[in-house]
Amino acid sequence: MQRTCAWAAKAIFLLAGMAWSAVAQEPPAPRTNEAAPVVLTLKRAIELALQNSKDIQVAKIQGRLADHSALISKAEFLPNLYVGSGLGYTYGIPETPGGRAPAIFNVTYTQQVFNEPARGQSKELQEQARSQSIVLRDVQNSVIARTAMAYLELAKVRHGMELLQKERSGADRILQVTQERQGEGFELPVEITKAQLTKARVGQRLIQLEGREDELEVFLRAQLGLAENQSIEVSPEDLPGEAEQEGANLVAMAMQNNTGLQLAESDVRAKEFRLTGEKRAYLPTLQLVSIYSLLGNFNNYSQFFNHFQRNNYNLGIDMHIPLFSARTKASIGLAQVNLDAAKATLSNKKTEVSAEVRQKTRRMREMSAAKEVARLELQLAQQSVAVLQSQLEEGKTNLREVERARIDENDKWLAYLDANFGRQQAQLELLRAAGQLDKVWQ
């Protein structure tokens, strides 16, 4: 009994000495070459990412390119006015390679009125331009998902590093106590090796987390548009909204809001416009044409024509009635095949989205169950530490057992953090598959 009391007294004295040294130690001086840290919430991080993401900027540029491409095809059905000159030397009948008379000055007006193949191509390009808004939304969802995952993982990593720092201190105390007991002849050398191995493993995990922390900080700074030396402060958060709904409800949401499915539907509409236009190629085409020409008598018009007129103006229509066109039949066949392929892709996409949502719903439930198991294991470890701490104060156990219990508690904490992050990842993936990711932050 005296030996046990002496051992408890030694343990309490050791803990007190370590606590005093921790209090007496001065905090490290702040780095002068770093900018002031920016404190971010998850919502603010996503807002900055949506404002500064290079991927979103590229998607917007691609949308503008598609809009201008659609305008080019649409311009044929708008008034077009050209000014030019066909001035040239002539010997013999005055004419130009284009079949028109040489002119000092000319003005030409053209406008398509009825041309169904061209109109079908124009509608196809316009639909493709409209689909760029869906592409932009998909890119925004991708940015939201990546930013949220990086933010949440950074919070998890930093919490894990704090736990490992405590665990390393506990491993140091275990090693110190084991060495003292081995010197007194109460422990074998193998126990010292075990204690050293425990400390080394903690150090290894801490180095791994430090490397991951640096990777996440670099990614977030680039994604949020922050300076390279800008430090980031984050805090553990839960995702807004809940994705734990019935699978049928989420599938119904996905059928309406999934961006991949919306793109496939847009592609079908574009191919239908093209096919409709090609099928109407057997109808006449009609174009308004107007030409003004200012002619010069030096081209010897009076030698070949009975009357010379300097100012000439023509207004009319240019109509073509197809009687036989092998190209039209081939174009219809090609448009039909493209439409069939787009419809098949849409059908496959619906099946894929439905299966993906159900699979991610199951994964969400699995991760929720894993989080609950980890929470209970952590609670059990905390209760074990409390029991051993009471026994230490009563002299019924030793410091090494208490520290081992604390190390086990830290391990359970790390496991709980991993399980919670896994659930958050599953929730983000499910929200994105169901087309709800951008809505939870509105």
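Select Glu217 and Arg158 first: both residues are buried, where buried stands for under 20% relative accessible area, exposed for over 50%, and partly exposed for what lies in between (1.4 Å probe, protein chains only). Before going on, note that this is a predicted model, in which local features need pLDDT of at least 70 and side-chain atom pairs count only at pLDDT 80 or more, while totals for chains, interfaces and linings use all residues. Residues are numbered from 1 along each chain as its sequence is written, and side-chain values use heavy atoms, with hydrogens and water left out.

**Salt bridges**

With the first pair still selected, display the side chains: Glu217 forms a salt bridge with Arg158, and the closest N and O atoms are 2.4 Å apart. A salt bridge here is a side-chain nitrogen of Lys or Arg within 4 Å of a carboxyl oxygen of Asp or Glu. This pair links distant parts of the chain, with Glu217 in helix 6 (residues 189-224) and Arg158 in helix 5 (residues 132-183), 59 residues apart; helices (H or I, at least four residues) and strands (E, at least two) are DSSP runs numbered from the N terminus.

Stay with these helices and select Asp172 and Lys199, which form a salt bridge whose closest N and O atoms are 2.9 Å apart. Asp172 belongs to helix 5 and Lys199 to helix 6, and the pair, 27 residues apart, again links distant parts of the chain. Asp172 counts as partly exposed because its relative accessibility is 31%, and Lys199 counts as partly exposed because its value is 32%. Next, pick Glu191, Lys194, Glu401 and Arg404, which are joined into one network by salt bridges that share partners.

Now move to Arg269 and Glu127, whose side chains meet in a salt bridge with an N to O distance of 3.1 Å. Arg269 sits in helix 8 and Glu127 in helix 4 (residues 116-130), so that this pair links distant parts of the chain, 142 residues apart. Arg269, at 36% relative accessibility, counts as partly exposed, whereas Glu127, at 5%, counts as buried. For the model as a whole, the count by this rule comes to 26 salt bridges.

**A lysine in helix 8**

Keep helix 8 (residues 259-279) in view and select Lys271, which is found there. Is Lys271 buried or exposed? Lys271 is buried, because its relative accessible area is 15%. Leaving out residues up to four places away in sequence, Lys271 touches Glu124, Asn338, Leu339 and Ala342, a contact being heavy atoms within 4.5 Å.

**Helices 2 and 3, and residues that reach helix 2**

Select helix 2 (residues 42-52) and helix 3 (residues 54-74), whose axes come within 6 Å and cross at roughly 40 degrees. That angle makes helix 2 oblique to helix 3, since angles under 35 degrees count as roughly parallel, over 145 as roughly antiparallel, 65 to 115 as roughly perpendicular and the rest as oblique. The axes are lines fitted to C-alpha atoms, for helices over the stretch in contact, and the angles run from 0 to 180 degrees between N-to-C directions. At the meeting of the two helices, Ala49, Leu50, Gln51 and Asn52 in helix 2 face Lys54, Ile56 and Gln57 in helix 3 as contacts.

Then select Gln223 in helix 6, a residue that is buried with a relative accessible area of 9%. Apart from neighbours within four places in sequence, Gln223 is in contact with Leu48, Ala49, Asn52, Ser53, Val143, Arg146 and Thr147.

Continue to Ile144 in helix 5, which is buried with a relative accessible area of 4%. The C-alpha atoms of Ile144 and Leu50 are 7.5 Å apart in space, although the residues are 94 apart in sequence. With neighbours within four places set aside, the contacts of Ile144 are Ile46, Leu50, Leu437, Asp438 and Trp441.

**Strand 3 and the surface patch**

Select Thr110 in strand 3, which counts as buried at 16% relative accessibility. Thr110 touches Leu78, Pro79, Asn80, Tyr82, Gln287 and Leu288, residues up to four places away not being counted.Finally, select Val113, Phe114, Leu283, Leu288, Ile317, Met319, Ile321, Leu323 and Phe324, which form a nonpolar patch on the surface with about 940 Å² of accessible area together. The elements giving two or more residues to this patch are strand 3 (105-114) and strand 6 (311-320). Patches are made of residues with over 30% relative accessible area and no salt bridge, like charges being joined within 9 Å and nonpolar side chains (Val, Leu, Ile, Met, Phe, Trp, Tyr) within 5 Å; accessible areas come from the Shrake-Rupley method with a 1.4 Å probe, and for residues only the protein chains shown count as cover. End on Phe324, found in the loop between strand 6 and helix 10 (326-393), which is exposed with a relative accessible area of 76%.
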